[in-house]
Amino acid sequence: MSTVLFVKANNRPIEQAVSMQLYDSFRKAYIESHLKDTILELDLFHENLPYFDGQMLSGIFKAAQGMQLTSKEAELKDIADRYLDQFLSVDKIVFGFPLWNMTVPAVLLTYINYLSRAGKTFKYTSQGSIGLAGDKKVALLCARGGDYSEEPLASNEMAVNYVTRIMKLYGIHDITTVIIEGHHQYSDRSENIIQAGIRNARDAAKLF
Ligand SMILES: Cc1cc2nc3c(=O)[nH]c(=O)nc-3n(C[C@H](O)[C@H](O)[C@H](O)COP(=O)(O)O)c2cc1C
C-alpha cells in the first residue's frame with residue numbers, strides 16, 4: 001500500500017488539453033490497478049500558490065536561524081512548508097503538465113521552488129549536492145505539440161528535462177516518463193499519436 005500524490009499543472013478543459021487527457025488516463029488506470037493505495041491530488045491552478053519571493057525566502061531563512069519572523073514571513077513559510085511536508089510524506093508522485101513556451105506552467109515552477117529546500121530534499125557537500133528524497137518513485141506525464149525527441153528541438157525542451165533534473169537533485173532516480181509529442185507538428189496523424197500516448201499512459205500506470 002502506497003500513498004500517491006497526483007500533481008496537476010494545467011487548468012485548460014480536458015477536451016482541449018492533451019496533457020490532461022494523458023494525466024487523466026494514467027490516474028484512472030492507476031486507481032483501478034492499485035485499489036488499496038491512498039490517492040491525493042493537488043490541482044496547482046486551484047491552490048493559489050504565492051510566488052516564491054524575497055519574503056518567503058526570508059521566512060525560511062530566519063526560521064532556520066531561529067530568528068523572529070514577521071507575520072507575513074511566517075504565513076509564507078508555512079505555505080511552502082505545507083507543500084514540502086506533503087511531498088516528503090508520500091511514496092510516489094505523479095506530475096501531469098504541458099509544454100508551454102518551451103517550459104512548464106508557472107504554477108509548477110512555483111511549486112517546485114517550494115520543494116527545493118537544502119536540508120530537506122537535498123543537501124550541499126564539498127563533493128556537490130546529495131539528494132535526500134531518494135526513497136520515492138516519480139512519474140512525469142507531459143504533452144508537447146512539437147516533436148522534441150531529436151535535435152535541434154531536443155535542446156529546447158525545458159519541461160520534462162527540467163523536472164527530471166530537479167527530481168535527480170532530490171535523489172529520485174526511479175522516474176517513469178510518458179510523453180505525447182508531435183500531435184501539432186504532424187497534424188495528419190495527430191489522433192493516432194494522442195491515442196498511442198494514452199495507451200502508453202495506461203500501461204505505465206499499471207506498472208508504476
Ligand atoms: C500557451 C501555450 C504555449 C505552447 N508552447 C509550445 C511550445 O513551446 N512548443 C510546442 O511544441 N508546443 C507548444 N504548445 C502546444 C502544447 O505543447 C500542446 O497543446 C500540448 O498538447 C500540451 O498542452 P495542452 O495539454 O494544454 O494541450 C503550446 C500551447 C500553449 C497553449
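Which residues of H3 are buried? In this predicted model, the buried residues of the helix are Glu-73, Leu-76, Lys-77, Ala-80, Tyr-83 and Phe-87. Viewed down the axis of H3, these residues fall within an arc of 130°, so they line one face of the helix. The face turned away from this buried side carries the exposed residues Ser-71, Arg-82, Asp-85 and Ser-89. H3 itself comprises 19 residues, from 71 to 89. The distance from its first C-alpha to its last is 26 Å, close to the 27 Å expected at 1.5 Å a residue.

The packing partners of the buried residues of H3 include both helices and strands. The helices are H2 (54–64) and H4 (106–115), and the strands are S1 (3–8) and S3 (92–98).

Strand S1 also takes part in a pairing with strand S2 (residues 38–43). The two strands run in the parallel sense and are joined over six bridges. Lys-8 stands opposite Asp-43 of S2. Together with helix H1 (residues 18–33), S1 and S2 make a β-α-β unit, which is right-handed.

Helix H1 contributes to the surroundings of the ligand as well. There are 16 residues around the ligand, of which Val-18, Ser-19, Pro-98, Gly-145 and Gly-146 come nearest. The elements giving two or more residues to this shell are H1 and strand S6 (137–144). The largest share, three residues, comes from H1.

Notes: Residues numbered from 1 in each chain as written. Predicted model: local features only at pLDDT ≥ 70, side-chain atom pairs only at ≥ 80, totals over all residues. Helix = DSSP H or I, 4+ residues; strand = E, 2+ residues; numbered from the N terminus. Expected span 1.5 Å × (residues − 1). Buried ≥ 20, exposed ≤ 12 C-beta atoms within 10 Å, placed from the backbone. Arc of directions from axis to C-beta. Contact = placed C-beta atoms within 7 Å. Pairing = 2+ DSSP bridges. Right-handed = clockwise from strand over helix to strand, strands pointing away. Near = placed C-beta within 6 Å.
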